[in-house]
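Colleague: Mind walking me through this one? I'd like to hear what stands behind each label.

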Amino acid sequence: MKRVVITGAGTINALGQNVEDTFAAMKDGRCGIGPLEMRDVDRLTIKIGGQVHGFEAEARFNRQQIALYDRFTQFALVAARQAIKQSGLEFSGEMAAKSGVVLGTSGGGMQTLDENYRSVYEDGKNRVHPFVVPKLMNNAAASHLSMEFNLKGPSFTVATACASSNHAMSQAFQLVRTGMAPVMVTGGSESMLCFGGVKAWEGLRVMSKDACRPFSANRNGMVQGEGAGVFVFEDYDHARARGADILAEVVGFAMTSDASDIVMPSKQGAARAISGALADAKVNPEEVGYINAHGTGTAANDKTECAAVADVFGPHADNLMISSTKSMHGHLIGGTGAVELLACIMALREGVIAPTISYEEPDPECALDVVPNEARDAKVDVVLSNAFAFGGLNAVLALRKV
Amino acid sequence: MSVKDKVIEIIAEQAVLEPSDVTMESTLEDLGIDSLGLVESIFAIEEAFDISVPFNANDPTESDFDISSVTSIIAGIEKLVAEQS
């Protein structure tokens, strides 16, 4: 088995359009959630989100590219360019033939769907642009990444709702760990902040109208975000041989299915994923210093997640820190685990734990150290990143400082 | 603008050329327009003239629409526009 390390990271999200700005915002406990700017926002009940503002696609892509790239693909490419640049890798020959890209997304080209449904249903048009299908398909972002960077090995897209990115990164980790690929580009992207996307979420009545307050007794739901996180996962020996700067090591993962309910989470399913990741990583629970929580700010998730953590860690649950950065960047749905992995890298590499902001009242059912409102300096060696999706599909990653 | 000038404008935009660089004898291949560019051009032509072009990308040579050169495309569009009015 190969060791797997992260040698590049990139992102675009409501907190920043690169890793540096995102880290700065997380350290400041800044909130990227604000009023939504979109057509027909007055017809929405939920009018806030973690939207990416000031994104100029025209400055980053040419006209033909924009014709083919949904916003979720644009986000993925922006993040991937940063990550691959940081890694210093260029893909050619045998390395290109074996390296690939696995991305997570839940909705795929939702903006394209929304615009074109509007066109044919609302505006009554009988013809749509020929690129609608290649723009909206869930694998569009992964395919365009493979084309831009010459990644010719195993490449695909994983859609497991809110766990998509963690499942994708788990697959990339597996491919590098087993020696099938020397390098995998991985992460996730989502752009569901369009009229239809928000309207659909409104229907579930789990959205907050004012803020995302994970673990706080007065929490009243989740807030959607958008963006992407992309990473370069690389064989440790490969990275060392070329003198790459190593951001962190991926040491384990686990995936479980609750097999119980399409929306309600299960403590057992979450706990099995957490303990499975620890076992896979061969780390003792006591070594874990920080968990990036799934922490959606819904009543159901937060108490279930805290109970699962308490079950797995026993008395050590009171010693570790667990925060939800969704309070700052919102819930990126299929892209969320990727952006949240940044908080894990920041914890390991810079010794700063991102806070759970907008925290106002302790909840006895979430009685853990949730790093309320202010970032904290702390030395941690092993961290976990949780993702528990609708449909009961869970994926947890374990990272270690290098 | 004549049908011919409008079609040339659409093809030129797709090929990222000036309209003056699109000659009547040019083939789409000469102009660097690939299969995806072709369907995008046909979409733009349909939108511009509010017509339906009988083009099947699965087998362009079997379509009732000749795309072998700029001349043949313009002739085909002129016929469709005339039939519609």
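Modeller: Sure. Of the 402 residues of chain A, 59% count as buried.

Colleague: What makes a residue "buried" or "exposed" here?

Modeller: Buried takes 20 or more other C-beta atoms within 10 Å of its own, exposed means 12 or fewer, and partly exposed is in between, with C-beta atoms placed from the backbone. Keep in mind that this is a predicted model: local features need pLDDT of at least 70 and side-chain atom pairs pLDDT 80 or more, while totals for chains, interfaces and linings use all residues. Residues are numbered from 1 along each chain as written, with chains lettered from A and ligands numbered from 1 in written order.

Colleague: Why does the radius of gyration of chain A agree with a compact globule?

Modeller: The rule, over C-alpha atoms, is 2.2 Å times the number of residues to the power 0.38. For 402 residues that gives near 21 Å, and chain A has 20 Å, so the two agree. Its C-alpha trace spans about 65 × 55 × 40 Å along the principal axes.

Colleague: How many helices and strands does chain A have?

Modeller: There are 15 helices and 14 strands in chain A. Those are DSSP runs, numbered from the N terminus: helices are H or I with at least four residues, strands E with at least two.

Colleague: And what makes up the contact between the chains?

Modeller: Four residues come from chain A and five residues from chain B; two residues count as in contact if their C-beta atoms, placed from the backbone, lie within 7 Å.
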